[in-house]
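Let us walk through this structure together, one level at a time. Take a slow look around before you read on.

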Amino acid sequence: MNLEKDIEKCQITQKLILPIMYDYKRKRDLLIDENQKEQMRTELRKIKEKAIDNIEELKKKAIKNLEENGINVIEVKDKQEFENAIKKIIGSEKLITKSKSNVIKEIEIEKMLKDKEILETDLGDFIVQISDEKSLHPVTPGMHLTPENIVKTIKEKFDKEVQPTPEAIAAFARQFLRDKIYKAKVGLTGANVISADGSIFILENEGNISLISRIVDKHIVVTGWDKIVENREEAQKIVQASSIFASGQNYPVYVSIISGPSKTADIQKKLIIGAQGAKEVHLILLDNKRSDLLKTEFEELLYCINCGACVNLCPVYHQIFTKYGSKDFSGPKGVITSSFREDKQNAYENGAFFCTSCKLCKENCPVKIDLSELIKKLRKKLAKEKIEPENIKEMIENTKKYGNPFGEIDEKKTPDKFYCC
Amino acid sequence: MGLIKSIKNLGKNTLYYPGCLTKFVLKDINDNYKKILTKIDIEYITLKDLEVCCGSPILNCGHEEEAIELIKKNYKIFKEHSVNKIITSCPACYHTFKNTYPKFLEKWDLQVEHITQTIDKAIKEKKINIESLDIDLTYHDPCHLGRYCEIYQEPRNILKKIGNIKEMKLTENYSFCCGGGSGVKSNYTPLANSIAKERIEMAKETKAKCLTTTCPMCYLNLKENSKDLKVKEISQLIIGEEE
């Protein structure tokens with residue numbers, strides 16, 4: 001951990017990103033006022049509380065309804081089970097088109113499917129992928145890369161001259177990705193919400209998900225069971241909030257509501273599964289330690305709708321970006337999940353003590369997750385194993401001995417270690 | 001003086017609790033507030049080194065048991081001195097006394113006031129006349145006072161007497177942190193400094209001549225990281241100290 005260096009390295013990124021983050025808030029304020037925001041948050045919180053409280057029942061109901069609709073639902077516990085399941089579905093196909101998914105990030109799919117070409121089709125992720133970079137943000141992963149850098153990478157990787165403008169890059173990507181999307185027989189996407197009445201909701205602006213999910217033979221959806229809610233009406237509310245809180249946009253350009261493989265009965269009423277869209281839809285519900293959060297003091301994390309609003313205004317994230325959090329999620333949420341998915345030492349290195357407890361993430365969260373409080377609970381667990389900054393031990397000794405965090409007070413001298421608040 | 005008053009007002013003492021950072025590091029701020037309290041005719045006692053840390057930094061780093069020790073110690077000493085009301089100038093202490101002590105001490109029955117509430121009330125009752133410095137200033141809401149306790153208006157009411165408030169883009173319930181809280185100032189100083197610099201940029205954008213706040217940690221961290229924007233703790237402006 002070398003914070004000073006990390007902060008310095010992030011200074012250029014900071015200049016690019018911070019205006020986008022401030023503008024996000026400004027745009028959102030134009031869409032909804034404080035009262036509407038509060039109403040939306042309260043309603044969403046209720047929807048998620050109800051779902052998670054009753055998740056076992058709800059999951060059963062969802063699986064039953066999805067399967068009745070012709071969707072193959074597979075529950076997997078961990079990476080290994082996921083690997084077995086996905087390899088079976090993919091079979092010998094070599095090219096897989098993929099869209100953005102934070103859940104897929106949890107399982108490092110590239111390592112699992114080394115003999116396949118997994119192509120990111122979301123522009124931001126595509127840029128990140130070809131640049132061999134790390135995703136910067138759960139919703140806008142490539143916002144730290146400049147047009148100049150991107151066209152350089154395109155030249156290196158594809159030997160194509162592209163003007164260093166966002167327009168030219170998008171045009172290049174459109175052509176390049178379409179060629180691939182038309183060829184691929186297997187497509188991989190995430191999901192934003194699963195409604196227990198039998199539908200999968202996926203939102204996007206670019207159109208790649210709509211294309212993938214219709215053109216391929218096999219559409220594989222990977223998500224966590226925590227995305228399940230009661231019905232389509234509730235799902236629709238989450239879709240809208242995801243858009244507003246993630247990027248300050250009123251509604252996503254496309255919302256795919258997928259309730260089964262494509263079908264037709266136009267020829268003599270004979271039902272044929274696999275008409276013009278996907279022939280098979282597979283839904284992999286990943287646990288990956290989510291069950292360990294259920295009925296614990298960290299259960300609230302399962303309410304998360306993955307919009308990334310918690311880091312959009314986070315003071316720590318604004319300085320060091322991906323150095324705060326885990327590989328699958330930036331910021332305090334990633335820190336906490338890494339204590340479950342990796343271990344406590346990892347959670348410490350991911351920034352368990354970086355949080356200033358400012359609670360702006362909670363204020364900005366569409367489901368009011370109190371990440372500052374959850375971080376304190378995590379610190380409590382780490383403290384029991386003495387995984388904490390050295391200063392803390394000294395500060396506590398001081399309060400025990402002298403009643404204040406600074407130590408013995410010399411009237412002529414002012415303490416210089418400001419351990420307080 | 002404190003002790004004599006304490007005997008005289010048996011069962012109804014008001015304690016001024018500056019908090020460790022103000023008491024031991026920002027001694028001039030401590031003096032300012034004592035002067036202000038006297039000026040608005042509030043009889044108060046101080047407990048100097050009899051009282052201990054409120055427990056906030058210890059709770060924030062996950063050491064609940066050690067914090068409970070301090071909470072019990074403070075309660076005992078407050079009761080011994082017949083304290084029934086605490087006025088504090090530190091937002092973290094305020095939040096801890098107001099919201100956390102009742103969670104750990106069922107019998108906790110002390111009134112708690114943040115000093116900006118005390119001063120705001122005194123202004124309304126015309127017990128204090130705050131002179132205008134006729135400047136454009138911007139106010140940084142401390143997280144513990146704002147989001148934790150929803151005190152947004154009282155400090156602004158005071159500041160309106162002093163100058164013209166120019167709000168930053170992230171303000172009130174959306175206030176951006178100064179970066180110093182929860183031990184970050186001492187555990188990860190470069191991080192605290194970097195956050196403070198981002199906040200100062202927001203303050204500069206308002207074109208205000210002075211950035212002011214009412215939290216010792218915010219004040220310290222912002223002041224240390226501000227090159228050309230003046231940073232003032234609200235008490236300094238109340239007593240008319242512009243420079």
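Before we begin, one term is needed: the bounds of a domain, as used here, come from an automatic or database domain assignment. Keep in mind too that what you see is a predicted model.

With that term in hand, turn to chain B. Its domain assignment gives domain 1, spanning 2-119, and domain 2, spanning 131-238. How far apart do the C-alpha centres of domain 1 and domain 2 of chain B lie? They are 23 Å apart. The contact takes 21 residues from domain 1 of chain B and 20 residues from domain 2 of chain B. On the side of domain 1 of chain B that touches domain 2 of chain B, the elements giving two or more residues are helix H2 (20-25), helix H3 (27-39), helix H4 (56-60), helix H6 (91-104) and H7 of chain B. Which of them gives the most? That is H6(B), with five residues. Sorted by class, this side of domain 1 of chain B has twelve nonpolar, eight polar and one charged residues.

Now step back to see chain B as a whole. Its secondary structure comes to twelve helices and seven strands. A compact globule with 243 residues would have a radius of gyration near 18 Å, and the 18 Å of chain B agrees with that. Along the principal axes, the C-alpha atoms of chain B fill a box of roughly 50 × 45 × 25 Å.

Next, zoom in on a pair of helices. Two packed helices are described by the angle between their axes and the distance between the axes. In chain B, helix H7 (residues 115-124) and helix H8 (residues 153-162) pack at an angle of about 50°, and their axes are 8 Å apart. Is that parallel, perpendicular or something else? Angles from 65 to 115 degrees count as roughly perpendicular and those under 35 as roughly parallel; H7(B) and H8(B) are therefore oblique to each other. Their crossing is left-handed. Which residues meet here? From H7(B) come B:Thr116, B:Gln117, B:Ile119, B:Asp120 and B:Ile123, and they meet B:Glu154, B:Pro155, B:Asn157, B:Ile158 and B:Lys161 in H8(B). The residues of this contact of H7(B) with H8(B) divide into four nonpolar, three polar and three charged.

Let us move to chain A. Its secondary structure comes to 20 helices and twelve strands. The radius of gyration of chain A is 23 Å, close to the 22 Å that the globule rule gives for 421 residues, so chain A is as compact as a globular protein of that length. Its C-alpha atoms fill a box of roughly 95 × 55 × 45 Å, taken along the principal axes.

Chain A is also divided into domains: domain 1 is made of 3-11 + 308-398, and domain 2 covers 33-291. The C-alpha centres of domain 1 and domain 2 of chain A lie 27 Å apart. Where they touch, 14 residues of domain 1 of chain A are in contact with 18 residues of domain 2 of chain A. Helix H14 (309-312) and helix H16 (331-341) of chain A each supply at least two residues of the domain 1 side. By class, that side has seven nonpolar, three polar and four charged residues.

Chain A offers a helix pair as well. The axes of helix H9 (residues 147-158) and helix H10 (residues 166-183) of chain A come within 10 Å and cross at roughly 35°. The crossing of H9(A) and H10(A) is left-handed. A:Pro147, A:Ile150, A:Val151 and A:Ile154 of H9(A) make the contact with A:Pro166, A:Ile169 and A:Phe172 of H10(A). What classes do these residues fall into? Seven are nonpolar, with no polar and no charged residues in the contact.

Finally, bring the two chains together. In total, 42 residues of chain A are in contact with 44 residues of chain B. On the chain A side, the elements giving two or more residues are helix H1 (3-9), helix H15 (317-320), helix H18 (360-363), helix H19 (371-384) and helix H20 (390-402). That side of chain A has 25 nonpolar, nine polar and eight charged residues.

How values were computed: Residues numbered from 1 in each chain as written. Chains lettered and ligands numbered in written order. Predicted model: local features only at pLDDT ≥ 70, side-chain atom pairs only at ≥ 80, totals over all residues. Axes fitted to C-alpha atoms, helices over the stretch in contact; angles between N-to-C directions. Helix = DSSP H or I, 4+ residues; strand = E, 2+ residues; numbered from the N terminus. Parallel < 35°, antiparallel > 145°, perpendicular 65-115°, else oblique. Left-handed = near helix turned anticlockwise from the far one by under 90°. Contact = placed C-beta atoms within 7 Å. Nonpolar A, V, L, I, M, F, W, Y, C, P; charged D, E, K, R; others polar. Rg over C-alpha atoms; globule rule 2.2 N^0.38 Å.
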